[in-house]
Amino acid sequence: MDERPQLIDALSALRDRVAAVRLPLPLPDTPRARQTRAELLAQLDDYLVPRLKDPDAPLLAVVGGSTGAGKSTLVNSLVGRRVSESGVLRPTTRTPVLVCHPEDHHWFAGMRVLPQLTRVWLPQADDDHADDAPPPEDNALRVETAASVPRGLALLDAPDIDSLVVENRLLAAELMCAADIWVMVTTASRYADAVPWHLLRTAKEYDATLVTVLDRVPHQVIGEVSRQYEALLDKAGLGDVPRFTIPELPESADGGSGLLPDSAVAALRGWLAHRAEDPAALLHCAVSAAEERVRDAWRREPAADALGPARTGGDRDTAERIGVEVRRWRRVLEEVAEDEVRTVERPAASRTAVPEADTVAALLAASLLGGRRARAAGERLAELLGAQAALRLRDKGGELVLSYVDRVLHAERDQRLAPLAALDVTPEPQAELIAALSVLQKEK
């Protein structure tokens, strides 16, 4: 973080150089070069520079996808009320809608991100008056607030990426460039279309945080469609992307209420909330996601019936096991902090007291796992111990984090492999058989 001002200066200088590039001649490659310049400027202006200047700003999750994928219905359901117009038929020009917590509105009231879009603020409306919103405006961003959206997170319903209106397609691409999280929504009937996959490949190139939603899947084919979609993601090198499936429901049809049942979006809402509140809490999310993949694989395994039901233990047991390891990590972290405090020397004339070990341990934990609090905690730690000691302590703490994460993941893996281990099948007989065959072939 100490190098951040220099990085901002370097990016600002790069931005000015890119903006100054002139492409006046109508050569064959000129349109593509102009587009590349525009995309790079959008990435710098809408995401990189604003994020570096304000790392504590809320995460922006842009919900994108094809026409009729259910983006607006998904956003409405995550918020808990109608904030965005839903339906297959769109107006000629569509104003994107951003929803954030009321205490986060100042982050988006100004021109910090998406400076090319005029802000349109509306009072909070109930469902009975959701259709009273003014008509869409060109080059505008409609901003709404909702207490149901977690602090530190904003949802943005983008125009369709395959809109018939060129300006809408370009705006959708710019919005995705400004996102911290890309939420790519597709449907059971269109998940193999070229446009969504182009968006997914672009997200991979940008190394963006990506999550996919397979929406409106008929109940009778939900398993088969999910497996086919998972196979396509694996083939594209996106097998580790979080994936959520929403069944086809009356609320998602044209003329429906526009709000899905809470149970249909609870998993996605929880994932987004974890990203906004504390990135370290994805440990539990990662285990849960892996467990779901194990269940899917187990259901497809012909020998599964002979081994009995998959041993997963449930979310509560998983959380308890992870909690035990986290408490152990904290105790070891406190011991490391105590050892470091003992080595701190203060000049005789210094009026600054040696910091308490508990304070140092708490700051160290926050600097490692504190999400938005990490930077402030790290700076305070450096003030108490000195830059070198704080850096040394963070290195030790980081090694402990990796060690205990490995312990958690290996323990959860052993839980899932327990049915196979109970068979007591070892590789020795196979090795002995190969050796015997080798002797036989030699004698022949």
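This report covers charged pairs, a buried arginine, an aromatic cluster and two contrasting helices. The model is predicted.

## Salt bridges

The whole structure contains 19 salt bridges. Three of them are set out here, each with its closest N to O distance.

| Salt bridge | N to O distance |
|---|---|
| Arg15 and Asp45 | 2.9 Å |
| Arg81 and Glu144 | 3.4 Å |
| Glu103 and Arg151 | 2.8 Å |

Take the bridge between Arg15 and Asp45. This pair links distant parts of the chain. Arg15 belongs to helix 1 (residues 4–20), and Asp45 to helix 2 (residues 30–53). The two residues are 30 apart in sequence. Arg15 is partly exposed, with a relative accessibility of 26%. Asp45 is partly exposed too, at 24%.

A second bridge joins Arg81 to Glu144. Arg81 sits in the loop between helix 3 (71–79) and strand 2 (97–100), while Glu144 sits in strand 4 (residues 140–145), so the bridge ties together parts 63 residues apart in sequence. Are its partners buried or exposed? Arg81 is buried, at 12% relative accessible area. Glu144 is buried as well, at 5%. Both counts follow because buried means under 20% relative accessible area. The pair also belongs to a network: salt bridges link Arg81, Arg142 and Glu144.

The third bridge brings together the side chains of Glu103 and Arg151. Glu103 is in the loop between strand 2 and helix 4 (105–109). Arg151 is in the loop between strand 4 and strand 5 (153–157). The pair therefore ties together parts 48 residues apart in sequence. Glu103 is partly exposed, with a relative accessible area of 46%.

## A buried arginine without a salt bridge

Side chains of opposite charge can pair when their charged atoms come close. Arg119 has no such partner: it is buried yet forms no salt bridge. How far away is the nearest side chain of opposite charge? That side chain belongs to Asp46, and the distance is 8.0 Å. A salt bridge needs the nitrogen and the carboxyl oxygen within 4 Å, so Asp46 does not qualify.

Arg119 is located in strand 3 (residues 118–121). Which backbone oxygens lie by its side chain? One is the backbone oxygen of Leu114, 2.8 Å from a polar atom of the Arg119 side chain. Another is that of Gly110, at 3.1 Å from a polar atom of this side chain. Setting aside neighbours within four places in sequence, the contacts of Arg119 include Phe108, Ala109, Met111 and Val113. Leu141 and Val143 are also among them.

## An aromatic cluster

A pair of aromatic rings is described by the distance of the centres and the angle of the planes. The structure has 2 aromatic pairs.

Tyr191 and Tyr229 make an edge-to-face pair, with 5.8 Å from centre to centre and 70° between the planes. Tyr191 lies in the loop between strand 6 (181–187) and helix 6 (194–206). Tyr229 lies in helix 7 (residues 222–235), 38 residues away in sequence. Both Tyr191 and Tyr229 are buried.

Trp197 and Tyr229 have ring centres 6.1 Å apart and planes at 65°, so this pair is edge-to-face. Trp197 is in helix 6 and Tyr229 in helix 7, so the pair ties together parts 32 residues apart in sequence. Trp197 is buried, at 9% relative accessibility. Tyr229 is buried at a relative accessible area of 1%. Ring pairs thus gather Tyr191, Trp197 and Tyr229 into one cluster.

## Two helices, covered and uncovered

Helix 3 is mostly covered, with 9 of its 9 residues buried. Its buried residues include Lys71, Ser72 and Thr73. Asn76 and Ser77 are also among them, as are Leu74, Val75, Leu78 and Val79. Just after helix 3, Gly80 adopts a positive phi of about 100°.

How many residues of helix 15 are buried? The count is 0 among its 16 residues, and the helix is hardly covered. Helix 15 covers residues 428–443. At 1.5 Å a residue it should span 22 Å, and its end C-alpha atoms are 23 Å apart, which agrees.

Definitions and conventions: Residues are numbered from 1 along each chain as its sequence is written. This is a predicted model: local features need pLDDT of at least 70, side-chain atom pairs count only at pLDDT 80 or more; totals for chains, interfaces and linings use all residues. Side-chain values use heavy atoms; hydrogens and water are left out. Helices (H or I, at least four residues) and strands (E, at least two) are DSSP runs, numbered from the N terminus. Buried means under 20% relative accessible area, exposed over 50%, partly exposed in between (1.4 Å probe, protein chains only). Lys and Arg count as positive and Asp and Glu as negative; His and the chain ends are not counted. A polar contact is a pair of N or O atoms within 3.5 Å; within protein, one must be able to donate a hydrogen and the other to accept it, and residues adjacent in sequence count only if both atoms are side-chain atoms. Contact means heavy atoms within 4.5 Å. The expected span of a helix is 1.5 Å times one less than its number of residues. Rings of Phe, Tyr and Trp (its six-membered ring) pair if their centres lie within 6.5 Å; planes under 30 degrees apart count as stacked, over 60 as edge-to-face and the rest as tilted.
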